[in-house]
Protein chains: 2
Amino acid sequence: MKKQVTIKDIAQQLGLSVSTVSRALKDHPDISVKTRAAVKQLANILGYKPNRIALNLKNSKTNTIGLIIPMIEHNFFSSVVNGIEEVAYNNDYYVMMFQSNESYMREVLNTQTLATNRVDGVLASISKETKDLSHFKQLTEYEIPLVFFDRVVEDLHADTIVSDDFEGAYAAVTHLIERGCKKIALFTSPRHLNISQKRHEGYKKALTDHGIDYDPDLVYACDTFEDAIKISKSILKKIDKPDGIFAVNDATALGIIKIAKKIGVKIPEELKIVGYENAKSSQMCEPELTTIDQFGFEIGRRAMTLLLERINADNYNYKPKNITITPKLIIRETT
Amino acid sequence: MKKQVTIKDIAQQLGLSVSTVSRALKDHPDISVKTRAAVKQLANILGYKPNRIALNLKNSKTNTIGLIIPMIEHNFFSSVVNGIEEVAYNNDYYVMMFQSNESYMREVLNTQTLATNRVDGVLASISKETKDLSHFKQLTEYEIPLVFFDRVVEDLHADTIVSDDFEGAYAAVTHLIERGCKKIALFTSPRHLNISQKRHEGYKKALTDHGIDYDPDLVYACDTFEDAIKISKSILKKIDKPDGIFAVNDATALGIIKIAKKIGVKIPEELKIVGYENAKSSQMCEPELTTIDQFGFEIGRRAMTLLLERINADNYNYKPKNITITPKLIIRETT
DNA sequence: ATGAAAGCGCTAACAC
DNA sequence: GTGTTAGCGCTTTCAT
C-alpha cells in the first residue's frame, strides 16, 4: 500500500500542530472556523482517511465483532448473518467472519484469533463436534461479551438466543397428528447439540400428549439432504413404514420427498412431512414443504442488538439472558 | 473488556525489560533459554494474548481483507464466501464482511469503511445499482489491491475473476437448440451488469450460429423467483409461447417451473428450461433443473488466492489479470 | 544476553 | 485558539 496521508502531513503543510488538525477535523469549537476550513480542504485534496487502527489502539476498542458460524453456505445461517450485518451496519460496527466448518479444532483457533484481534464482542453458533467449551470460557475470562445463537450452550456467562426448538417441534408433530398420522418418524442431528435435544423433546411430548407411544426405533440420525437420500429408501419401503416424518431441517425433508416421489409413495396421502427452517427451497420444491419458520434474519438482528447492549454496558456483571423466538408453522402441501 | 495483560506487565513482574519479553515470546536466539521459559510460563499464567492492533499499527498491515458482496443470502455468493474464507483461514488472514444489499450508497460507504480500517486488500462484487465507480477508483489510488469477482468492472486497476458467462450462456442455449427448441426466451437481469451482458451475448450468438433469428421480444427483464412467478403465467399462456427458456439464475428458473407445472405446461416435453448457478435447490426440485455450474467455491478460492498474491507483491504496478472460469453444463431433467 | 528509546497515527489532558 | 506531550502495545535499532 501507498504511504498513507496522516494528520501530521496536514499539520506540516499548514504549519499547524497535529492536535489542532485533529480537533479541526472533528469540528472542535475551540478551533477557528478559518483553520477548520483550511484543514478540511487540505485533507480532502490529499485524500486523507483517518486511520482506525490507531484509534482502536488508543481506545482499546475496535468497533468490530467476531462471528463464528458453522457454515455460511447454509441458508439458515446466511439469513442470520444477514440480520447481524444489518444491525452492525446501522451501528457502525464491523463484522469479522469465521467459519468453523463444523470442526472443533478450527473453532478453537477462531476464538484465539478473535481474542488477539481484540474484537469488542463475539457472536457464535457452535460446531457439531464441540463438546469442550474452554475456548469460549476463555473469552468470558477476558470479559469479551459473548452471545450464542441457534446452537447455544448454557453454562457460560453468555447470552443465548434460539428459536424455541421445543415449541417448533411440538407444533410440527402436533400438526402431523392432527392430520391423522399415527406413526411419526424423526430425522435428526447428533444428540449433544442443544437444538436437536430440544426438538427431540418436543417431538416426544407431542406424541405422548396425544396418546401415542414414543418409539426410539422411529428416530433416525440423519440431518442432510444427501443422508436423507441414502437412508429414506429402505425406510419408506418397509411394510410398516411411517405415515409422517418430522425432519430437523428442510434439506433433509427435501431429500425424503425426492425419494418418496421416486419410489411412488404419495405425499401427503400416504406420507406427510414437516421440515424445519423455511428455507427458500421449501417453496420452490414440489409439493411445497410444510415447515417451521425459524426467523433467521430476526435471530441475527436480535443477537447483534443484544451484543451491542452488552458491549456498551458499563460493566460485565450482567445477568445473561436466554431469549427464545417463537417459531411459526407454515402449512403448505406436504401435510 | 477487562484490562488486558500486556508485555509490560510480564516485564515488570519478572524484572525484565519489555524488549526482552518481546523477544523471548518469539524465541529470539539472543535470549537465554531460562528467560524464555520464565517469560512464557508467566505469559501463560496471566493469560497473555498478543495485541494484534498494536502490531497492525506498527506494521501498517492488518492481515485483514475487506469483502463486499451484494447479498450473503444468495446461495451463489455464500459459496463464493465459503471459498474466500477457506483460503483466508489457511493463510492467517481475516475477513471483514459487508453487504451492499444491492445499494450503491451502501457500497460507497462500505469502501470508505474499508479504507479507514486499512484492510490489506479488497474483494468485491458490485451491486446492481452501481454505475459510477469512483469509490473503487479511490481504493486503487490508495494502492489497495482489489479483485472483483462475478459482477466485475473492467476499467480499473483491478483483477477480475468470473465464470465465463458468454460460454455458459452459449452452452445453455446451444443445448436447448440441440434438444429441439426453436423459440427460446431469455429471462435476465438489468443490462448494465457485466454478467447479464455477457450471458445475453452468449444467448444471441448461440441462436444466430444455429440459424435462429434473435428476437428482442423474447428477452424478459426478470431475475428473481418472485418476479418469475409474476410474469411467467402470461408468457406461458400465449398461443405462441416459447418452447425453451434460458434463465439467468436458478431461482428464476425454479419460478418458471413452478408456474409451468401449475398451468399444465409439460416440462420438458412442451417447455425446456436451463438455469444458471447449480444451486443446491436445483437438485432438490422436481423435475431437477438442467443448469450451468458456476463453481462459486472455486471462484472464491481463486479470487482470494490472487488477492493474497497482489498483497504480497513488492509493488503495485502489476498488470491486472482477467480470469475466467469455464462453467459446466449440468444436464438434468428439464431439458 | 539484556535494556533504552523511537515510532506506528491518533487523541486528550495540560499548558500558554 | 493553538501547541506540547504522553500514551495506547508492540517491535526493532542501537547501546551496553
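This passage describes how the two protein chains of a predicted model meet and where they approach DNA strands C and D.

The two chains were compared first. A turn of 180° and a shift of 0.0 Å along the axis lay chain A on chain B, with an RMSD of 0.1 Å. That is the relation of a two-fold axis.

The interface between the chains was examined next. In chain A, 43 residues are in contact with 43 residues of chain B. Several elements of chain A each supply at least two residues to the side that touches chain B. These are helix H4 (52-59), helix H5 (75-90), strand S2 (94-99), helix H6 (104-116), helix H11 (250-262) and helix H12 (281-284). By class, this side of chain A holds 18 nonpolar, 13 polar and 12 charged residues. Of the interface residues of chain A, 100% are also interface residues in chain B, so the copies meet through the same surface.

Packing within one chain was then considered for a pair of helices. Two packed helices are described by the angle between their axes and the distance between the axes. In chain B, the axes of helix H2 (residues 18-25) and helix H3 (residues 33-46) come within 9 Å and cross at roughly 90°. This crossing makes H2(B) roughly perpendicular to H3(B). H2(B) contributes B:Thr20, B:Val21, B:Ala24 and B:Leu25 to the contact. H3(B) contributes B:Thr35, B:Arg36, B:Val39, B:Lys40 and B:Ala43. The contact of H2(B) with H3(B) comprises five nonpolar, two polar and two charged residues.

The surroundings of the DNA were analysed strand by strand. Around DNA strand C there are 25 residues. A:Thr6, A:Ser19, A:Ala54, B:Ser19 and B:Thr20 come nearest to this strand. From chain A, helix H1 (7-14), helix H2 (18-25) and H4 each supply at least two residues of the surface near DNA strand C. From chain B, H2 and helix H4 (52-59) do likewise. H4(A) gives the most to this surface, with four residues. The surface near DNA strand C divides into 10 nonpolar, 11 polar and four charged residues.

DNA strand D also has 25 residues around it. Here A:Ser19, B:Thr6, B:Ile7, B:Ser19 and B:Ala54 come nearest. H2 and H4 of chain A, together with H2 and H4 of chain B, each supply at least two residues of the surface near DNA strand D. That surface has 10 nonpolar, 11 polar and four charged residues.

Notes: Residues numbered from 1 in each chain as written. Chains lettered and ligands numbered in written order. Predicted model: local features only at pLDDT ≥ 70, side-chain atom pairs only at ≥ 80, totals over all residues. Contact = placed C-beta atoms within 7 Å. Nonpolar A, V, L, I, M, F, W, Y, C, P; charged D, E, K, R; others polar. Least-squares fit on C-alpha atoms with pLDDT ≥ 70 in both. Axes fitted to C-alpha atoms, helices over the stretch in contact; angles between N-to-C directions. Parallel < 35°, antiparallel > 145°, perpendicular 65-115°, else oblique. Near = placed C-beta within 6 Å.
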